[in-house]
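Trainee: Could you take me slowly through one part of this model, the largest pocket? I'd like to see what lines it and how the helices there are arranged.

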Amino acid sequence: AQIMWSKYTEAVLRNMSSDNGNKNGMKEWLAKNISMVLDLVIMIRGKLSRLQRKVLAALITTDVFCKDQIEVFVNDGVSRVNDFAWQQQLRYYWVDELDGPHTDGGCVIKHANATLRYMYEYMGCTSRLVITPLTVKAWLTITGAIHLKLGAAPAGPAGTGKTETVKDLGKA
């Protein structure tokens, strides 16, 4: 879902920035995302196993955040791939080949100037946190540190979600 969201959102941005592109592309993409989230909500209301319900709940949490980001893009007039509002998103791409020692391709995560390989660690069917603007800022700092081969130590008052934010980034 995240790979497809990144792919289609970036395609809309590239189309919007071209000379004869669709300037309302992001509004149309927002309408499509709203429709997809509503479809998932209808699906979760049906008869599902416990595992299916948990998977759908995690997917809805992520998709609602993605829909909200597209709404921000529409409101802020984001229309290019190089706009920081797009670059600060945790973006997933499927590539055929990677540069460096691993040339087998696979999933790559981009976040601002950081590029990280997705490591396919299965952590079970776990719930996801609601992603807030503060979560995005924390993730941006942590992925930037990882990209530079450094560590990150979120600081703040007890009980504010630092550990859960880092765990959720690991899930992402």
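Mentor: Happy to! Let's start with the words we need for the lining: Ala, Val, Leu, Ile, Met, Phe, Trp, Tyr, Cys and Pro count as nonpolar, Asp, Glu, Lys and Arg count as charged, and the others, Gly among them, count as polar. Keep in mind, too, that this is a predicted model.

Now to the pocket itself. The largest pocket has a volume of about 1,200 Å³, and 34 residues line it. Look for Tyr 92, Tyr 118, Gly 170, Lys 171 and Ala 172, which lie nearest its centre. With our three classes in hand, we can sort the lining into 21 nonpolar, eight polar and five charged residues.

Which helices and strands each supply at least two residues of that lining? They are helix 1, helix 3, strand 2 (106-111), strand 3 (114-117), helix 5 and helix 6 (162-171).

Let's follow two of these, helix 5 (133-147) and helix 6. Two packed helices are described by the angle between their axes and the distance between the axes. Here, helix 5 and helix 6 pack at about 65 degrees, with their axes 10 Å apart. Angles of 65 to 115 degrees count as roughly perpendicular, so that is what we call helix 5 and helix 6. Their crossing is right-handed. On the helix 5 side, Thr 135, Ala 138, Trp 139, Ile 142 and Thr 143 take part in the contact, and they meet Thr 165, Val 166, Asp 168 and Leu 169 of helix 6. By class, this contact has five nonpolar, three polar and one charged residues.

Trp 139 of helix 5 leads us on to another space. The structure holds one cavity of 30 Å³ or more, and about 140 Å³ of space lies in the largest cavity. Trp 139 is among the residues closest to the cavity's centre, along with Gln 2, Phe 65, Leu 90 and Ile 131, out of 15 that line it. Helix 1 (2-17), helix 3 (50-76) and helix 5 each give at least two residues to this lining, and those three helices are also on the list for the pocket. The largest share of the cavity lining, three residues, comes from helix 3. Sorted by class, the cavity lining has nine nonpolar, five polar and one charged residues.

Terms used
Residues are numbered from 1 along each chain as its sequence is written. This is a predicted model: local features need pLDDT of at least 70, side-chain atom pairs count only at pLDDT 80 or more; totals for chains, interfaces and linings use all residues. Side-chain values use heavy atoms; hydrogens and water are left out. On a 1 Å grid over the protein atoms alone, a cavity is a set of points where a 1.4 Å probe fits but cannot get out, and a pocket is an open set with protein on both sides within 12 Å along at least five of seven lines; lining residues have an atom within 4 Å of a point. Grid points are joined across faces, edges and corners, and a volume is the space filled by probe spheres set on the points. Helices (H or I, at least four residues) and strands (E, at least two) are DSSP runs, numbered from the N terminus. Axes are lines fitted to C-alpha atoms, for helices over the stretch in contact, and angles run from 0 to 180 degrees between N-to-C directions. Angles under 35 degrees count as roughly parallel, over 145 as roughly antiparallel, 65 to 115 as roughly perpendicular and the rest as oblique. A crossing is left-handed if the near helix is turned anticlockwise from the far one by less than a right angle, and right-handed if clockwise. Contact means heavy atoms within 4.5 Å.
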